[in-house]
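Colleague: I should be grateful for a close look at the salt bridges of this protein. Which parts of the chain do they tie together, and how are their partners placed?

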Amino acid sequence: MDIFQVDPFYDALTLVFTFRTLYWLAVGVTIGVGVGAIPGLTASTGVALMLPLTFGMDTASALGLLIGLYKGAVYGGSISAISFATPGTPEAAATVYDGFKLMRRGKGRKAILMALYASVTADTLSDVITIVIAPLLAVVALKFGPSERFWLMVLAVTLLGALSGRHLAKGMMSAALGLFVGTIGSDPIGAVSRNTFGIWWLEEGIHLIPMMIGIFAMSRMLEEFVILMRENQTIQSTGRAIAEALTTGTEGLSFREYLRCWKEMSIGLGVGSFVGMLPGLGATAGAFLSYSVAKQAFPEKKIGSGVIEGIAAAEAGNNATVGPTLIPLLAFGIPGSSSAALIGGALMLQGATPSPRMFELYPTVVYSLFIILFIGNFFNLAIGRFFALLYARLGQLPRHLVIPLITMMAVIGSYSFQGNPYDVVIMLVFGFIGFGMRTLGIPDAPLVITFLITPMMEGSLRRALLINQGDWFLALFKSPLAISLFVAGVVLTYLSIRLQVMERISESATEMGEESASS
């Protein structure tokens, strides 16, 4: 497989640089920044709601809308984090520490501009890393046979469970649920119904769009509804103070101040890019790890006391995951995050199923994605710069207005996918499942990603069995690479359990020490 093909690249340029594609890219970034600025909504929520809209689009326009929304939302979360100390998205939580303190000192505009520039800088450079690494890994992945691909996906599921939260059992429970849901419907070989519970409209399986909307959008709205019911009084508006802190007459960000933060942005770029390539960690982990590393590396800068260096580290860390989280999707067909899974779903709807052969079968689609990833940063810079101060007020939207609006969009999006009312039922069911998982602290990323890779995992296992004439041992352990991947999965599981046991012992010892000290 040629890593770079000239003709498909030129075809991609002609597809991307059209008014339609650039228009949808701008729309995606604009919506994304707004979605990120509204507390309670996330990049995954926005992408899930827009996913049905892409069904009637061409591939480049669909990628422009979804990638633009993804990029805009990851940055947009910093706006409300700085303005109200309420992160619009979980990945912006680390920005609160320094951003809100700057806001209270009347330097909100400087803080928001630093967040924007750090986000765009790290995102752009991490996209270059993605464009270089993904094709190289895809070449390696093509050497894998069915057995190796099966164990690779098992290893990815194990990694998801281990890295998606403090409790390995909860992560693996989520992955197991995704595996079960992925097998609902008809058997791909014998066309025999399985796990349908006698419900005829489950014969075709669970459709991607209603499931995604339920997990990411409806469950969020149920959570927000519970919060609304618990509130005893309306939150008082702080619009006047925010308007004064964000007015264009206040202190902005100089180019020298931007360059002063290059070390923190470099840390965010390195840590965020690495975290993005690991399935299950996501932008939130990238932000907090980058922030912690920068704080430890430069104690003299007093990160955490309200300095722009803290914002630079956190925002570079979370935005640097955006591109690299697509690397495992493009190289192995395994999404690196919930948002990457949604983009992978959009590619599947367009007929370009992510896999190691994607660079060979759909090179124009891949090059279009790379180009959109790169130029999307300039749209994010321009639109974020123009609308940031306006979107800072979106965080004041009351929940009783946001909840019914998003709920209505979720119902319409689920129904419009196929005009099937049962898709709305599936969306509601997964909305309650997602709400229950969030309440119990069970991560949703393993469920979604495992659901998407289950057909590929099953297909690889079936092919391995056919090649080896039904011999399970040869099908699973025929090559040294397959055995190595199996051993890696076992070792990873053991280490995860061991680390969690040691952490609990340490916490118990700390609690006993505090109790003895107080007594």
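Modeller: The salt bridges are taken up below, after some words on the model and its overall make-up, and the cores, one helix and a surface patch follow.

This is a predicted model, in which local features need pLDDT of at least 70, side-chain atom pairs count only at pLDDT 80 or more, and totals for chains, interfaces and linings use all residues. Residues are numbered from 1 along each chain as its sequence is written, and side-chain values use heavy atoms, with hydrogens and water left out.

The protein contains 23 helices and 2 strands; these are DSSP runs numbered from the N terminus, helices being H or I with at least four residues and strands E with at least two. Of its 519 residues, 54% are buried, where buried means under 20% relative accessible area, exposed over 50% and partly exposed in between, with a 1.4 Å probe and protein chains only.

The structure holds 10 salt bridges, each defined as a side-chain nitrogen of Lys or Arg within 4 Å of a carboxyl oxygen of Asp or Glu. One of them pairs R194 with E458, with 2.9 Å between the closest N and O atoms. Because R194 belongs to strand β2 (residues 193-194) and E458 to helix α21 (residues 445-467), this pair ties together parts that are 264 residues apart in sequence. R194 is partly exposed, at 22% relative accessible area, whereas E458 is buried, at 17%.

A further salt bridge joins E223 and R438, whose closest N and O atoms are 3.9 Å apart. This pair also links distant parts of the chain, since E223 is in helix α9 (residues 208-230) and R438 in helix α20 (residues 421-440), 215 residues apart. E223 has a relative accessibility of 24% and so counts as partly exposed.

R357 and E360 meet through their side chains in a salt bridge of 3.5 Å, N to O. R357 is partly exposed, with 38% relative accessible area, and E360 is partly exposed, with 41%. Elsewhere, K71, D123 and D127 are joined into one network by salt bridges that share partners.

Turning to the interior, the largest nonpolar core has 129 residues, of which M114, I206, M212, L369 and F370 touch the most other members. A nonpolar core is a set of buried Ala, Val, Leu, Ile, Met, Phe, Trp, Tyr and Cys residues joined through side-chain atoms within 4.5 Å. Another core, of 12 residues, lies apart from it and includes A94, I267, F298 and I303.

I267 is also among the buried residues of helix α12, together with E264, M265, G268, L269, V271, G272, S273, V275 and G276. At 1.5 Å a residue, the 16 residues of α12 (residues 262-277) should span 22 Å, which agrees with the 22 Å between its end C-alpha atoms. The expected span is 1.5 Å times one less than the number of residues.

On the surface, I483, F486, V487, V490, V491, Y494 and L495 form a nonpolar patch with about 580 Å² of accessible area together. Such areas come from the Shrake-Rupley method with a 1.4 Å probe, and for residues only the protein chains shown count as cover. Patches are made of residues with over 30% relative accessible area and no salt bridge, like charges being joined within 9 Å and nonpolar side chains (Val, Leu, Ile, Met, Phe, Trp, Tyr) within 5 Å. V490 lies in helix α23 (residues 480-518) and, at 44% relative accessibility, counts as partly exposed.
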